[in-house]
Amino acid sequence: MFGKRASGNIASPAASPAVESQPAQMAEPETRAEPQNTAPNAAANSPQQKPDRSGDTSDAYYETKATIFNALFETIDVSALAGMEPKAARAEIRTIVDEMIAIRNVRLSVNEQNQLIGEICDDILGYGPLEPLLMRDDIADIMVNGAKHVFIEPDGKMDKTNIRFRDNQQLMNICQRIVSQVGRRVDESSPICDARLLDGSRVNVIAPPLAIDGPTLTIRKFKKDKLTLSNLVDFGSISPAGSKVLQIIGACQCNILISGGTGSGKTTLLNCLTAFIHPDERIITCEDAAELQLQQPHVVRLETRPPNLEGKGKITMSDLVKNCLRMRPERIIVGEVRGPEAFDLLQAMNTGHDGSMGTLHANSPREGLSRLESMITMGGFSLPTRTIREMIVGSIDVVIQATRLRDGSRKITHITEGLGMEGDVIVTQDRIVFEMDGEDANGKIAGVHKSTGIARPAFWERARYFNLEKDLAMALDEAGEN
């Protein structure tokens with residue numbers, strides 16, 4: 001169906017970015033040393049059952065695969081293949097490979113033949129050796145440190161896999177294929193790139209000469225089933241009473257800052273909180289790589305843009321946040337606050353955009369507020385320290401701290417509110433804290449979420465405005481009983 005045409009004067013279907021922008025990448029068959037025994041899990045989690053790719057594989061198998069792959073690539077019409085649905089394309093590839101195996105009288109078991117066809121399809125249509133890992137829903141991170149070292153993080157723990165790339169060039173080709181799908185590029189002249197997969201999973205690539213041992217690819221995977229606060233309760237990340245408090249905070253338009261370390265679950269928590277935004281509200285999100293998964297009907301998603309080859313055309317997060325103010329938003333959500341956009345976000349929170357949210361890297365709520373101050377100062381704003389702190393206190397209602405503990409679990413350790421200023425010092429009050437009680441028999445950290453039980457929270461009047469003060473009082477009382 002997609003054999004090469006004898007004449008080039010026939011218009012072919014438009015190629016997808018993976019084929020059109022990087023045709024040479026497809027001629028890079030992977031060489032996988034002893035496929036990992038986790039591939040059956042990939043098949044189990046995939047909507048389409050994939051062949052079992054576990055077990056020992058001989059060198060002769062890889063030689064056969066490379067021979068058939070090269071012959072197939074010389075036979076097929078890439079442009080026609082790109083215009084087909086993935087299921088149909090895989091079926092056509094399977095038909096042709098079956099014919100090649102029969103013609104060449106190649107001796108393969110049924111499992112090996114299914115494995116070979118699946119891997120060739122992954123090389124041509126997908127991301128090669130990464131495909132089995134991307135299909136698994138229990139993996140939070142995929143870390144590729146050059147062609148020979150692939151690590152994953154299932155259940156909060158780091159594991160090394162047996163998956164390999166043929167060489168660094170094949171890995172680089174796959175990196176280029178990933179970033180080209182969202183209009184970005186990575187090469188020697190632009191060796192650092194932030195991008196995303198089509199499902200929103202976060203991608204970072206750093207290539208040689210900056211990465212000495214070969215291209216380094218990091219993928220922060222999203223679960224296919226979006227997490228909710230009830231899921232976080234089931235995981236033990238927050239108590240049921242604490243979950244109710246978070247629901248009220250999200251629904252009554254508190255300005256929220258989520259702080260935490262790398263991999264602590266900040267973006268997941270932000271996604272969970274946005275579920276309680278009223279469907280009538282207009283939301284505008286600003287991100288370096290669009291990964292938020294909001295379910296409301298009125299959402300505008302904005303994404304920064306790196307400079308082009310001439311070093312021009314860069315659009316920063318600060319540019320996006322400033323432009324948001326002209327787009328009649330009701331809530332502004334910043335995926336991650338890293339620089340001068342902190343000032344613009346605080347201004348937005350102070351000018352009628354209640355319920356705005358953002359995340360940043362910090363180890364405690366107070367440190368998060370201090371980092372906001374530092375980012376505003378580094379942005380070149382010559383404001384007195386007290387003025388900046390007054391702006392922070394007047395803008396941020398609640399700071400939620402997410403932490404990844406040493407056992408790999410992720411907990412919401414603090415729900416903290418800003419109370420005001422005493423002199424030049426910002427006064428904060430913890431509303432709910434996670435108190436550790438030690439370890440259980442399995443080495444998991446045990447503890448409970450407790451309410452501090454000190455007076456009414458500062459956002460009580462806001463909850464009262466939305467008729468949620470009784471629910472808030474009950475949730476805080478329940479948390480205090482733990």
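## A cysteine to start with

At 0% relative accessibility, Cys286 counts as buried. Keep in mind as you look around that this is a predicted model. Cys286 takes part in no disulfide, although the sulfur of Cys324, the nearest one from a cysteine, lies 3.2 Å away. Why is Cys286 in no disulfide? A disulfide needs two cysteine sulfur atoms within 2.5 Å, and the nearest cysteine sulfur to that of Cys286 is 3.2 Å away, so this pair does not meet the cut-off.

A search of the whole structure finds zero disulfides. Cys254 gives another example: the nearest cysteine sulfur, that of Cys252, is 3.5 Å away, and Cys254 is in no disulfide. Cys254 is also buried, with a relative accessible area of 0%.

## The open sheet

Now find the strands. Nine of them form an open sheet, and following their order takes you through 9-8-10-11-7-12-13-14-15. The pairing in this sheet is mixed. Which strands stand at the edges? They are strand 9 (299-303) and strand 15 (445-451). Each has a single partner strand, so one side of each is left without a neighbour in the sheet. On average, neighbouring strands here are turned by 25° against each other, direction ignored.

Let us zoom in on one edge. Strand 15 pairs with strand 14 (residues 425-439) in the antiparallel sense, over seven bridges. If you look for Glu439, you will find that its bridge partner in strand 15 is Ile445.

## Two helices to find

Helix 15 (residues 385-395) packs on the sheet, where it touches strand 13 (410-422) and strand 14. The direction of helix 15 makes about 125° with that of strand 13.

Is helix 11 (residues 266-274) mostly covered or mostly uncovered? It is mostly covered, with eight of its nine residues buried. Among the buried residues of helix 11 are Lys266, Thr267, Asn271 and Cys272, along with Leu269, Leu270 and Leu273. A handy rule for looking at helices: an α-helix has 3.6 residues a turn, so residues three or four places apart point the same way.

## Salt bridges

How many salt bridges are there? The count comes to 20. One of them joins Arg136 and Asp138, whose closest N and O atoms are 2.7 Å apart. Arg136 is buried, with a relative accessible area of 4%, whereas Asp138 is partly exposed at 28%. The side chains of Arg338 and Glu336 also meet in a salt bridge, at 3.3 Å from N to O. Here Arg338 counts as partly exposed at 45% relative accessibility, while Glu336 counts as buried at 11%.

Another salt bridge is formed by Glu373 and Arg389, with their closest N and O atoms 2.9 Å apart. This pair links distant parts of the chain: Glu373 sits in helix 14 (residues 365-378) and Arg389 in helix 15, 16 residues apart. Glu373 is buried, with a relative accessible area of 15%, and Arg389 counts as partly exposed at 23% relative accessibility. Finally, look for Glu153, Arg404 and Arg410, which are joined into one network by salt bridges that share partners.

Key:
Residues numbered from 1 in each chain as written. Predicted model: local features only at pLDDT ≥ 70, side-chain atom pairs only at ≥ 80, totals over all residues. Heavy atoms only, no water. Pairing = 2+ DSSP bridges. Helix = DSSP H or I, 4+ residues; strand = E, 2+ residues; numbered from the N terminus. Axes fitted to C-alpha atoms, helices over the stretch in contact; angles between N-to-C directions. Contact = heavy atoms within 4.5 Å. Buried < 20%, exposed > 50% of the residue type's maximum accessible area, 1.4 Å probe, protein only. Salt bridge = Lys/Arg side-chain N within 4 Å of Asp/Glu carboxyl O.
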